[in-house]
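Biologist: Before we talk about the ligands and the fold, could you take me through the model step by step, settling terms as they come up?

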Amino acid sequence: MTLIKPNAAHWGFFDAVVRDGRVTEVRPFAHDPAPSALLRSMADAVHAPSRIDQPYVRKGWLRGQRAGTPRGGDAFIPVSWEKATRLIAEEAARIRAEHGDEAIFGGSYGWSSAGRFHHAKSQLQRFLALGGGYTTSVNAYSYATAQALLPHVLGTNEVLLGKVTSWEAIQAHAKIMLCFGGLAAKNGLVSAGGAGAHDYIPAMRRAVAAGLRIVNISPFRGDTEEDLGADWVPIRPGTDTALMMAIAHELIALGRADEAFLATHCVGWDRLKPSLAGRTPEWASAITGVPVATIQALARDLARLPSMLTASWSVQRADYGEQPYWMLVALAAMLGSIGQPGQGVAFGYGSINGMGTSRRDLPSPSLPATPNKVQRFIPVARIADLLENPGGTLPFNGRDLPLPDIRMVWWAGGNPFHHHQDLNRLLRAWSKPETIVVNEPWWTSLARHADIVLPATTTLERNDLGASGRDRFVRAMHQCVPPQGLARNDHDALADVADALGYRERFTEQRDEMAWVRHLYERWRVNCTRMGWEPPDFEQFWSEGHVQVPREDEPFTQFTDFAADPEAHPLDTPTGKVELWSETIAGFALPDCPPMPSWLPPRESLLSAAEDELHLLSLQPPTRLHGQMDMGRVAAEAKIQGREPITLSTADAAKRGLKEGDIVRVFNARGACLGGVKLRDDLLEGVALMATGAWFDPLEPGVPGSLCVHGNPNVLAPDIATSTLTQGLSAQSCLVRLERWEGPLPPVKVHVPPPIEVE
Ligand SMILES: Nc1nc2c(c(=O)[nH]1)N[C@H]1C(S)=C(S)[C@@H](COP(=O)(O)OP(=O)(O)OC[C@H]3O[C@@H](n4cnc5c(=O)[nH]c(N)nc54)[C@H](O)[C@@H]3O)O[C@H]1N2
Ligand SMILES: Nc1nc2c(c(=O)[nH]1)N[C@H]1C(S)=C(S)[C@@H](COP(=O)(O)OP(=O)(O)OC[C@H]3O[C@@H](n4cnc5c(=O)[nH]c(N)nc54)[C@H](O)[C@@H]3O)O[C@H]1N2
Ligand SMILES: [Mo]
């Protein structure tokens with residue numbers, strides 16, 4: 001029998017074709033103007049050999065080898081759900097009693113899957129909050145630096161996360177768009193919660209057709225689609241601030257700094273302006289590699305054309321990542337473009353689907369957050385510091401955060417062995433807790449480094465709602481196939497542990513899956529209705545499979561009220577103005593984040609590289625979402641002899657005698673991995689590109705420093721904070737060396753289960 005069922009993933013809504021209890025194919029959502037090719041991997045993933053078929057416990061853990069023992073090298077012992085539930089409940093209760101609620105780390109960062117009820121992290125955090133609380137994390141790997149910085153500068157994160165100036169407005173008014181880090185098409189494949197409409201590429205195409213000139217300022221020409229006809233300004237990674245400063249220098253020379261706007265809408269110009277005196281195009285050219293004439297031409301174009309300025313999120317995931325973002329705001333302020341129709345500055349137009357594509361300002365359905373009575377947290381990328389330094393403190397945004405002694409870690413819906421930098425450091429720190437619990441559908445590198453592994457269903461095995469605040473559609477997600485193996489929904493697994501601990505009813509609120517889905521939909525429907533738009537009732541939604549949220553009537557520009565009258569509509573900064581100098585940050589007296597935009601040379605970059613070193617950028621993968629779907633055919637087809645591709649310029653390959661298809665060992669003092677060589681002649685010499693997401697596969701599991709045979713660049717990237725203001729990640733500031741791999745190729749073993757022993 002063949003069934004067609006609606007469902008959703010972060011990379012698109014789809015209809016699953018189900019034959020005899022198996023998903024055989026998924027078909028793109030009919031209303032999606034540009035569906036993502038990643039959908040081709042979905043049927044592979046649901047029935048993959050790497051699915052976790054039942055609960056497991058690490059052998060060493062069962063034998064009492066807990067805190068201080070390496071993880072990742074042991075066999076796993078299959079156990080029943082009853083036993084796994086009892087072990088976890090007893091362990092959680094013991095740790096809370098002996099070490100306090102703050103000894104449980106439940107930050108559980110990660111993208112999880114699209115459905116909003118079964119959102120694994122939200123489920124886990126609700127469960128932990130109702131059980132007494134937990135230490136958590138704040139901000140996102142995506143833009144942690146900007147999230148902490150921008151409120152000081154603009155009083156808001158709306159330019160990063162919120163409703164940014166729309167493509168329609170840019171199309172109508174801007175003539176030039178400077179894109180630091182480009183507008184990479186691959187990044188538009190996803191929206192968190194589901195991409196019903198991939199509006200991203202069509203929106204930029206329309207703007208270009210209407211006369212917008214796009215300037216791709218990036219080491220890689222491929223960061224804009226060829227048909228956008230963008231100008232390419234190759235730049236050394238980590239040097240964008242210097243280029244921005246030289247453009248600012250030229251604007252002053254041209255008499256095009258908007259002194260009136262700077263006086264009425266900003267503070268700190270009197271300090272920033274003199275600091276730009278020596279920031280000439282010649283100075284910047286030596287740092288950035290951008291010719292003097294190009295810098296002068298960019299300044300002249302900005303002086304005469306209405307402009308939008310943007311930087312990709314990657315630009316701030318680098319050493320001193322605060323500086324390019326702050327300086328880009330300063331540049332927009334100098335142009336007086338902030339709040340002018342279709343102009344100004346915003347971040348991430350090239351980073352995710354839905355930035356600047358229009359939908360009405362309405363809420364999105366989600367599981368409401370449950371208050372957490374433990375007040376302890378870390379900035380998200382400081383997980384290794386937390387585990388290494390119990391009882392210590394961590395400077396963050398002007399405070400000293402106390403670091404609790406973490407005895408238990410619980411992760412559901414994220415993967416630190418994907419997302420964290422310097423995995424060999426993480427692996428050492430990961431031996432500190434007594435117990436690590438992981439809920440996962442697949443034997444990812446995280447599940448392999450856990451003590452107790454709970455097999456989770458995938459979205460295709462349950463009912464849910466798919467929705468993203470950046471998308472025009474809400475999706476009814478219908479269960480397509482029964483749970484695979486003994487997998488269970490995270491919610492049900494947690495409800496049983498809550499039961500063992502005496503709070504099942506508070507956790508479930510006595511609703512089953514469909515009652516929750518209906519409840520979340522109804523809450524959303526009421527909220528939307530209050531805001532002037534009424535979605536259909538649940539029955540209609542569920543049978544039609546989706547709801548369309550109306551588009552905005554008018555092109556939208558941010559900060560128009562502030563631009564028109566800064567006294568009546570001040571920003572939420574201490575001065576109410578754009579802070580080009582921050583008294584607050586000055587008060588923190590930080591060695592690594594001055595109180596105004598400044599040029600700080602990155603700790604690792606081509607400026608300090610040895611002759612044979614390359615700057616490695618670890619990009620978002622075109623063939624999957626982070627580590628998700630790495631087992632699928634789209635990722636597999638792009639690999640080279642099963643290894644993650646590393647893209648080199650033809651010049652760099654020639655220097656090293658390498659050709660397309662060669663396998664190389666990529667290494668630095670932090671670690672080493674294999675990669676398969678790909679060549680491009682539109683990549684800046686000295687730069688190498690490697691996507692994140694190939695599952696970490698150490699030659700000797702559990703042994704720090706072991707070669708990752710698959711190609712995970714996080715064995716190479718540094719785990720160093722951008723600054724003590726923001727504590728963001730600086731993954732992009734990474735130097736490596738290469739050598740051809742001559743020996744026999746070790747097999748990639750990470751896509752099948754780890755060793756399992758039956759006791
Ligand atoms: N070097 C380097 N590192 C980076 C970056 C970089 O640019 N360079 N980028 C960073 C960024 S921006 C991000 S956002 C992070 C992403 O890091 P993560 O969000 O942690 O990566 P994912 O692979 O998406 O992890 C989600 C996990 O949830 C699991 N999952 C899916 N559905 C379910 C479910 O229903 N239940 C449960 N329990 N689990 C489920 C998936 O199998 C997957 O393992 O990586 C960061 N790391
Ligand atoms: N297909 C796919 N799309 C995704 C994701 C995914 O995993 N897969 N992940 C999503 C997530 S969670 C996020 S946060 C976003 C991230 O979105 P981004 O951070 O924008 O994505 P990246 O691919 O890391 O970087 C974009 C480009 O920036 C350029 N770049 C890197 N460093 C520098 C620099 O120092 N200067 C300049 N000028 N350019 C530089 C690189 O050439 C790179 O191609 O992507 C989202 N989109
Ligand atoms: Mo991200």
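Modeller: Let me begin with a term: contact means that heavy atoms lie within 4.5 Å. Please also keep in mind that this is a predicted model.

Biologist: With that in hand, against which helices do the buried residues of H12 pack?

Modeller: In helix H12, which spans residues 281–288, the buried residues are Pro 281, Trp 283, Ala 284, Ser 285, Ile 287 and Thr 288. Six of the eight residues of H12 are buried, so the helix is largely enclosed by the rest of the structure. The partners against which its buried residues pack are helix H9 (240–253) and helix H13 (292–304).

Biologist: Which residue follows H12, and what is its phi?

Modeller: H12 covers residues 281–288, and the residue that comes after this helix has a positive phi. That residue is Gly 289, with a phi near 80°.

Biologist: Turning to the whole protein, how does its radius of gyration compare with what the globule rule gives for 759 residues?

Modeller: The protein has 25 helices and 29 strands. For 759 residues the globule rule gives 27 Å, and the value of the model is close to that, so the protein is as compact as a globular protein of that length. Along the principal axes, the C-alpha atoms fill a box of roughly 75 × 65 × 50 Å. The radius of gyration itself is 25 Å.

Biologist: What share of the 759 residues counts as buried?

Modeller: The accessible surface of the protein comes to about 25700 Å², and 50% of it belongs to carbon and sulfur atoms. Among contacts between residues at least 6 apart in sequence, 75% join residues at least 24 apart. Taking buried to mean under 20% relative accessible area, the share of buried residues is 64%.

Biologist: Which residues come nearest to ligand 1, and what classes make up its shell?

Modeller: The shell around ligand 1 divides into eight nonpolar, 21 polar and four charged residues. Of the 33 residues around this ligand, those that come nearest are His 419, Glu 440, Arg 462, Asp 490 and Asn 714.

Biologist: How much of the accessible area of ligand 1 does the protein cover?

Modeller: Several polar atoms of the protein lie by oxygen atoms of ligand 1: a backbone N or O atom of Trp 111 at 2.8 Å, a polar side-chain atom of Gln 620 at 3.3 Å, and a polar backbone atom of Gly 413 at 3.5 Å. On its own, ligand 1 has 910 Å² of accessible area, and the part that the protein covers is 98%.

Biologist: Which elements give two or more residues to the shell around ligand 1?

Modeller: One of the nearest residues, His 419, carries the number that ends the helix in question, and Glu 440 does so for the strand. The elements are helix H16 (416–419) and strand S18 (435–440).

Biologist: And for ligand 2, how much of the area it exposes when taken alone does the protein bury?

Modeller: Around ligand 2 there are 31 residues, and the closest are Lys 186, Asp 223, Asp 240, Ser 314 and Ser 351; by class, the shell has 15 nonpolar, eleven polar and five charged residues. An oxygen atom of the ligand is 2.8 Å from an N or O atom in the side chain of Arg 317, a polar side-chain atom of Ser 218 lies 3.5 Å from an oxygen atom, and a backbone N or O atom of Gly 181 lies 3.3 Å from a nitrogen atom. Taken alone, ligand 2 exposes 910 Å², of which the protein buries 99%.

Biologist: With which side chain does the side chain of Arg 670 make a polar contact?

Modeller: Arg 670 sits in the loop between strand S26 (663–668) and strand S27 (671–680), and beyond its sequence neighbours it touches a set of residues including Asp 422, Val 715 and Cys 734. Val 715 is 45 residues away in sequence, yet the two C-alpha atoms are 6.6 Å apart. The side chain of Arg 670 also reaches the backbone oxygen of Leu 716 at 2.6 Å. The side-chain partner, at 2.8 Å, is Glu 604.

Biologist: Finally, is Pro 535 buried or exposed?

Modeller: Pro 535 is found in the loop between helix H20 (513–530) and helix H21 (538–544). Leaving aside neighbours within four places in sequence, Pro 535 is in contact with Tyr 521, Trp 524, Arg 525, Cys 528 and Thr 529. Its relative accessible area is 2%, so Pro 535 is buried.

Key: Residues numbered from 1 in each chain as written. Chains lettered and ligands numbered in written order. Predicted model: local features only at pLDDT ≥ 70, side-chain atom pairs only at ≥ 80, totals over all residues. Heavy atoms only, no water. Helix = DSSP H or I, 4+ residues; strand = E, 2+ residues; numbered from the N terminus. Polar contact = N/O pair within 3.5 Å; in protein donor to acceptor, adjacent residues only side chain to side chain. Near = heavy atom within 4 Å. Areas by Shrake-Rupley, 256 points an atom, 1.4 Å probe, with all protein chains shown as cover. Nonpolar A, V, L, I, M, F, W, Y, C, P; charged D, E, K, R; others polar. Rg over C-alpha atoms; globule rule 2.2 N^0.38 Å. Buried < 20%, exposed > 50% of the residue type's maximum accessible area, 1.4 Å probe, protein only.
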